[in-house]
Amino acid sequence: MNLHEYQAKELLKKYNVPVQEGVPCNTPGEAEQAYKQIHTQYGSNFAVVKAQIHAGGRGKGKIVGTEQRGVAVGKTAEDVKQIAQNILGGTLVTIQTGEAGKLVNKVLVAQDVYYEGASPVKEFYLSILLDRTSGQNVIMYSTEGGVNIEDVAHDTPEKIFKERVYPGGILEPFQARKIAFNLGLSGVAFKNCVKFVTNLYNAYVGSDCGMLEINPLFKTSDDKIIAVDCKMSIDDNALMRHPDLAALRDLSEEDPTEVEAGQYNLNFVKLDGNVGCMVNGAGLAMATMDMIKLSGGEPANFLDVGGTANAQTVEAGFRIILKDPKVKAILINIFGGIVRCDRVAQGVIDAYTSIGNINIPIIVRLQGTNADVAKKLIDESGLKVQSAIQLSEAAELVNKAVA
């Protein structure tokens, strides 16, 4: 689950991580008042207006149909109000959103640390994530922070440092000091960086994060270390331990079909292909997607109905897949182990009858417990559903459907 920048910063503050202060706003009027609040509190004539979407590259991205960037500096209350008006309700396209972009429903009006009395003298990059290969948490950091960090990683990888922490362990003091040293810090800035990194790692572990990225991380002229931007994702499997964080989920930022699938406990990921697939088991689903590609098609989705598929979940899966206009065929591939094949077959029949006229081929391949009974149910249903026993049969039918 991804968090917005303003949500992530509020969470970091609970772990004593210094952040760029700001006020989330839903309207241009609120943005104008936020500027006045920041001007009064910090004495600066500048404020930054940041579009709040679940994607990076906002500073370079533009609102569709305008030259308005997703991040802009306002010098007056009227400036800030106008920038917010240009951004709110618009579609922001960045390198991470794709051409479709994302609708902006909220902006963050923040203190502009560039123009504060303690102006920044250096930008760094710092992130924490799980390295699944080694099974360790990894702190990645660089002296070259800012909007071009991807270029730094590609062109000068030697400027990217890594510090690994064993699961269940803590970030040792010597490791925090090593990070501050490699960033070229000394004196008060060095001490502040050690505290910052230690508290940030505590926030990462304490919140069950999957990823926590600070870019840029600022060192100001008075040696403060501040998180100016923050991207944070929480491990979905740990949300049961954090009901307060689960309440921060912004469904408007997620794919509607994936949200609907979650309501039925379906594991669904939308793709760009032409063959919808419904499978029980993640491994079998991956193999099925490979088979679809080998047969000449492209998977339109990943859909794992789990081991307790029934008529309701099958119907929900059907409806979700059929919402994609690119789908030319649906392949159902079920191995009857925990779930009986005849139960799934009956679910397919009930779903087909409930939904009504379905104008694309449906291929059902059932193997395992009661597969023979399931095939008979499908064949005698009178519905336009094609059954297969062998995977090769299903592949051939898919090939014909998308040809």
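# Sheets, helix contacts and odd backbone spots

Trainee: Let me start with a detail: which residue in S6 is the bridge partner of Lys-62?

Mentor: Lys-62 is partnered with Val-93 of S6. Bear in mind as we go that this is a predicted model.

Trainee: Noted. How many bridges are there between S4 and S6, and in which sense do they pair?

Mentor: Two bridges link S4 to S6, the latter covering residues 91-93, and the sense is antiparallel.

Trainee: What sheet do S4 and S6 belong to?

Mentor: An open sheet of three strands, ordered S4-S6-S7, with antiparallel pairing. S4 (62-63) and S7 (102-103) are the edge strands, each having a single partner, so each has one side without a neighbour in the sheet.

Trainee: On to the other sheet. In what order do its four strands come?

Mentor: The order is S2-S8-S3-S5, again open and with antiparallel pairing. Here S2 (22-25) and S5 (71-74) sit at the edges with a single partner strand each, so one side of each has no neighbour in the sheet. From one strand to the next, the twist averages 25 degrees.

Trainee: How many bridges join S3 to S5?

Mentor: Four, with S3 (residues 47-51) and S5 running antiparallel. As one example, Val-49 has Ala-72 in S5 as its bridge partner.

Trainee: Which strands does helix H2 lie across?

Mentor: H2, residues 28-42, lies across S2, S3, S5 and S8 (107-111), and its direction is about 15 degrees from that of S8. Helix H3, residues 77-87, lies across S3, S5 and S8, at about 10 degrees to S3.

Trainee: And at roughly what angle do the axes of H2 and H3 cross?

Mentor: Roughly 145 degrees, with the axes coming within 8 Å. The crossing is right-handed.

Trainee: Which residues make that contact between H2 and H3?

Mentor: From H2 you have Pro-28, Ala-31, Glu-32, Tyr-35 and Lys-36, and from H3 Ala-77, Val-80, Lys-81, Ala-84 and Gln-85. Sorted by class, the contact of H2 with H3 has six nonpolar, one polar and three charged residues.

Trainee: Further along the chain now. How do the axes of H5 and H6 cross?

Mentor: H5 (residues 173-182) and H6 (residues 187-206) have axes that come within 9 Å and cross at roughly 125 degrees.

Trainee: Why is that called oblique?

Mentor: Roughly perpendicular ends at 115 and roughly antiparallel needs over 145, so an angle between those limits falls into the oblique class. H5 and H6 are therefore oblique to each other, and the crossing is right-handed.

Trainee: What residues meet there?

Mentor: On the H5 side they are Ala-176, Arg-177, Ile-179, Ala-180 and Phe-181, and on the H6 side Phe-190, Cys-193, Val-194, Val-197 and Thr-198. By class, the contact of H5 with H6 counts eight nonpolar residues, one polar and one charged.

Trainee: And H10 with H11, how do their axes cross?

Mentor: H10 (residues 311-322) and H11 (residues 341-355) have axes that come within 8 Å and cross at roughly 50 degrees. That makes this pair oblique as well, and its crossing is right-handed.

Trainee: Who makes the contact of H10 and H11?

Mentor: H10 brings Ala-311, Val-314, Glu-315, Phe-318, Arg-319 and Leu-322, while H11 brings Gly-347, Val-348, Asp-350, Ala-351, Ser-354 and Ile-355. The contact of H10 with H11 has seven nonpolar, two polar and three charged residues.

Trainee: Change of topic: how many aromatic pairs does a search of the whole structure find?

Mentor: Two. One of them is Tyr-141 with Phe-161: the ring centres are 5.3 Å apart and the planes are at 20 degrees, so the pair is stacked.

Trainee: Where do Tyr-141 and Phe-161 lie?

Mentor: Tyr-141 is in S10 (residues 136-142) and Phe-161 in S11 (residues 160-165), so the pair ties together parts 20 residues apart in sequence.

Trainee: Last one, on backbone oddities. Which peptide bond is cis?

Mentor: The bond from Asn-215 to Pro-216 is cis, with omega near 10 degrees. Pro-216 lies in S12, residues 209-220. Asp-208, in the loop between H6 and S12, has a positive phi of about 55 degrees although it is not a glycine.

Trainee: Why do those two deserve a remark?

Mentor: Because most residues other than glycine have a negative phi, and most peptide bonds are trans.

Definitions and conventions. Residues numbered from 1 in each chain as written. Predicted model: local features only at pLDDT ≥ 70, side-chain atom pairs only at ≥ 80, totals over all residues. Heavy atoms only, no water. Pairing = 2+ DSSP bridges. Axes fitted to C-alpha atoms, helices over the stretch in contact; angles between N-to-C directions. Contact = heavy atoms within 4.5 Å. Parallel < 35°, antiparallel > 145°, perpendicular 65-115°, else oblique. Left-handed = near helix turned anticlockwise from the far one by under 90°. Nonpolar A, V, L, I, M, F, W, Y, C, P; charged D, E, K, R; others polar. Phe/Tyr/Trp six-rings, centres within 6.5 Å; stacked < 30°, edge-to-face > 60°.
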